[in-house]
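Hi,

Here is the structure I promised to pass on. Please open it alongside this email, and the notes below should be easy to follow.

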Amino acid sequence: MPAVADPSLKQWLLETVQPDEFVEKDLKISGIHFEALVGADKIAGIAREFLKRGYYLESLTAVDFLECFEVVYHFDRQDSNARCCVKILTAKDSGHAPTLSGIYRSALWFEREAHEMFGIVFDGHPNLKNLLLPESSLIHPLLKSFKGEAKGSDVVQSLQLIDEDKRDFELAYPKSISQQGKDYYLNLGPQHPSTHGVLRILLHLNGERVLDGEPILGYSHRHHEKMMEIQNYLACWPNFGRLDYVGAMSYNFGYARLIERAMGVTPPPRVEYIRVIATELNRISSHLLWLGTFLMDLGAMTPFFYCFDEREKILDILEMATGERLTYDYFRFGGLDHDFTPDMAPAIKRFIPEFKMHLREYHQLITKNVIFMKRVHGMGVLSRENALAYGVTGPCLRASGVALDERRRDPYSIYPQLDFDIPVRADGDVFARYQVRMQEMEESLKIITQALEKMPEGPITLGKLPKNVPKGEYYSAVESPRGSFGIYLVSDGSLNPYRIKLRTPSFSNLNSLIDMIPGCFVSDVVAVLGSIDIVLPEIDR
Amino acid sequence: MTAIFFEAIKIFLYCIAVILFISVNTLFLVWMERKLAGRIQMRPGPLYVGPMGLLQTVADAIKLLSKELVYPSEANKFLYLSAPVLVFAPILSAFLILPLGEGRIIRDLNIGFLLVFALANITFIGIFVAGWSSNNKYALLGSMRAVAQNISYEIPLMLSTMGVVLAAGTLSTTQIVSAQDKGWFLFTLPMGTGLLGFMIFFCSSLAEANRAPFDIPEAESELVAGFHTEYSGIRFALFFLGEYTAIFVSSAIASTLFLGGWHGPWIPGPFWLILKTYAIVMVVMWIRWTFPRLRSDQLMNFAWKVLIPFGILNLLLTAIFIYFEDLLR
Amino acid sequence: MEVNKDPRFLETQIPSKLVGFFKLDKLLNLARSNSQWPLTFGLACCGIEFMAAGAARFDFDRFGFGVARPSPRQADLMIVAGTISRKMLPCIKTLYDQMPSPKYVIAFGGCAIAGGPFKFPGQYGILEGIDKILPVNVYVPGCPPRPEALIAGILELRRLIQEGKTQGTMSPAVIEDSQDARPAEYKNAMSRAEFRKPPTPAAPIPPAQE
């Protein structure tokens, strides 16, 4: 897909809106076409115009400067790489900004997060309470003036939260079931028998029908963004392995791509091929884990074991080079940590035909099963408009009819030279997402086969690179198994990042759950949640 | 006077025998389930506790016996404590009428298995009471689903056995088994109605025992643990016992009604009954580990729109064919 | 702050017995050690390794641990697998309180033991180790530990139960360890005007210098 800057949009911006600052950027280095600084009152009009022209809100975040906050909006199109950036400035104490949640629904959660992390108030937001931090928390962690909490505060705060929880529970809920009406609230989580991690969904039920449901996040908040501001770039590698531990290779890829573009270096060709092979193997193992847990949610316990066994074979292969099973830390800036060992290529070549045969078996066992079909057909439909309004990416979006894949939209590494399809379905229901992921596994096998054939010999590192990244702002996105993973980096030229914003795909994907579940049964909520394929730590960061 | 005394001793001994048998049977069935699940899932299952893991359930049982007994503070104490008993005890009545061999039966009642089905219905009252009295929304949801499911599947359960009753002319289990000496009712009932009746009975008994794919009341991935969420220790063990006994009992009744009971060459009758029963139990367990579960409304659709019409059809066809057979003879 | 004497924690500690039935106790401990039912409780990355340990290749069901119960009333082992965020803590405490005795805790992974890679000076989101709140019986280190490590931890717990040493350990609220010497360079906010100036040519710091 060509990287097309929309000239009429630029013209409109320059003439009609007249931004305070307007800078054309180099797409290859910074990841955006242009950036514009406008007054805070104009952002809603700009957002509406972007929506009319077919853009969606990719990311919304804030940066803490000495004099003001800078609220940064990234917009992009689904059919081409037209990413551009609009900024507004707000005052430091009690800074206000207009909300975009009426125009783009993905702003609902982005703005809540910016509010709790910085203290910016978004006027007109329907529900501006803490998203990731505890409800009673008053700190704004990502402020530069927040230098951390004292030692021992973890136990003190935990005990406080335990007391608050007891108090709130006694106030909020009637003692006996017989006092409840036909409408009642049920918590799904945070301790889930269905292994999604610590997500809590507050369901408002009438009998067994869901009236509405609200995901409550933050039970896995591990302050990645704050950590990355206080340690240097190399020390941030383990963070990326632990954000989405199931698809960690693609997160490695995202970080490597960001920094290499910022520094202006290209890794040697062998490195590119190895990176693609490792990422695609990881994509298969991530989809296998999804398949096993999704079917376990539906009640079929056996495919979980088959899928995990397949996955173990992939983990064995990747362990030969990386030494890790799960939270990979394999890529480095301009290269890799270790080369592929000589017995890896034959192991992969043995794995591919076995896996193809097993995939056929899974299709026979699952896809044509009558009970499975009844549980997934027509459930949890996500329309194309809703998907774009929420900023959904990845297989969920492709199952709703939009052929958006970062490997095609903004091609990186050797993907332009490889021949593979992007599976797309139009129904938008659970079955469509299932089909898209099953086919993606086959496409990944194609990619691995081609890359193995063409892989050249050569060095796997560029040698010593500078320890800092040149001053500037950079945005880069890659295709992770869950969707488009973007990183926005503000670098002041020093050894540490000034601000890193992680635009994780599951964050927006889960946001769309709010529209998918009203009218379902409780059993369907579990099926729909499983089909979105979320990993909690990447949502809560 | 002494006759009544000896009769009372005999009944007492029968009760002890039944309870011993159920305990050993459940121990064995739980082990078999875990081993079978393991083998289907490409792993060994319990292996180290006793030879081949046979003592695993014994360890589980002792552990459950020694657990702390807690109960929720707002629960209705009497109902909460009586629910496990209500779930477990009525199924024991089935052993009254199971014929182990020629003339070997505890009581040859002329209403036979109808009594058992009537008594076994009390089980679902126990499930309902368990869910309601726990003062827990998950338990309540689970028990509501269980009540709807159990009531709906009682009807096809009855209907499918009516064909057998028509062919044998009696409700008494000994006479039904004697009527199968020329061939199992599965095959000898005219025009495949035996097969249809057996399939309906099998599906309904799966649903009655809350087994997959009909295990929505205790759907682990959705409702934490369904109606027995708040039960721990020995009370939870009673629910478990009740479930496995229900599987055994419904398989035993299926083999009595459709598979010829204790008929079979070379080895004595009781072994044939046990063999046939365990064959059906293995199929029940196999199904659990193969299929996903149905949603509650799909479950109800299946009962009311599929099983009951076919059950009525089965009854009509059996009646018509038996009438014409008698006419031709 | 002396955690162990806090009245809220006395209720989590299993009191020692007044009366002991020696042979029966041995039998009960033997049965308990071979039939631990874990609570399905994965918090983060280590949860996946917990699932992998239950899957076909490693299979902790062989030892009797396989029946993973979702309801805390029916479980007796809580394997805390993953980072404990402060927001999650009331749930963990509630679940632990709901489990009937005798109950055991395995701290699985670096985060559950002492905060793991997410412990940095001034961290605001996590609890540095579950043993600050609950008594832990076995610690399994790793990030994430291999499934074999979990099985080793389970076997260690089995040995401890059979020997009767089931009193868990708790750690004080504030401990100094090597992670506290970790560099945490909190910087002040930069001026935006300064940031928008184009970079001077001498910007990249060459690798030879520090």
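Below are my notes, going chain by chain and then contact by contact.

Some housekeeping before that: residues are numbered from 1 along each chain as its sequence is written, while chains are lettered from A and ligands numbered from 1 in the order in which they are written. Please keep in mind that this is a predicted model, in which local features need pLDDT of at least 70, side-chain atom pairs count only at pLDDT 80 or more, and totals for chains, interfaces and linings use all residues.

Chain A

Chain A has 20 helices and 15 strands (DSSP runs, with helices being H or I of at least four residues and strands E of at least two, numbered from the N terminus). Its radius of gyration is 23 Å, close to the 24 Å from the globule rule for 541 residues, so chain A is as compact as a globular protein of that length (the radius is taken over C-alpha atoms, and the rule is 2.2 Å times the number of residues to the power 0.38). Along the principal axes, the C-alpha atoms of chain A fill a box of roughly 60 × 60 × 50 Å. Of the 541 residues in chain A, 56% are buried (20 or more other C-beta atoms within 10 Å of the residue's own, with C-beta atoms placed from the backbone).

Chain B

The domain assignment, which is automatic or from a database, splits chain B into domain 1 (1–66) and domain 2 (77–328). Taken over C-alpha atoms, the centres of these two domains of chain B are 20 Å apart. Their contact involves 14 residues from domain 1 of chain B and 15 from domain 2 of chain B (two residues are in contact if their C-beta atoms, placed from the backbone, lie within 7 Å). On the domain 1 side, α1 (2–40) and α2 (56–65) of chain B each give two or more residues, and α1(B) provides the largest share, 11 residues. By class, that side has 11 nonpolar, 2 polar and 1 charged residues (Ala, Val, Leu, Ile, Met, Phe, Trp, Tyr, Cys and Pro count as nonpolar, Asp, Glu, Lys and Arg as charged, and the others, Gly among them, as polar).

Chain C

In chain C there are 7 helices and 4 strands, arranged along the sequence as α-α-β-α-β-α-β-α-β-α-α. Its 4 strands make an open, parallel sheet in the order β1-β2-β3-β4 (strands pair if DSSP finds at least two bridges between them). The edges are β1 (38–39) and β4 (138–140) of chain C, each pairing on one side only. Strand β3 (residues 104–108) of chain C joins β4(C) through 3 bridges in the parallel sense, and C:Ala107 stands opposite C:Tyr139 in β4(C). Buried residues account for 50% of the 210 residues in chain C.

Contacts with chain A

What does each partner bring to the contact between chain C and chain A? Chain C contributes 62 residues and chain A 61. On the chain C side, α3 (45–54), α4 (89–98) and α7 (192–196) each supply at least two residues, with α3(C) giving the most, 6 residues. That side of chain C divides into 40 nonpolar, 10 polar and 12 charged residues.

As for chain B, 25 of its residues are in contact with 27 residues of chain A. Here α12(B) gives the largest share of the chain B side, 3 residues.

Happy browsing, and best wishes!

Methods:
A residue is buried if 20 or more other C-beta atoms lie within 10 Å of its own, exposed if 12 or fewer, and partly exposed in between; C-beta atoms are placed from the backbone.
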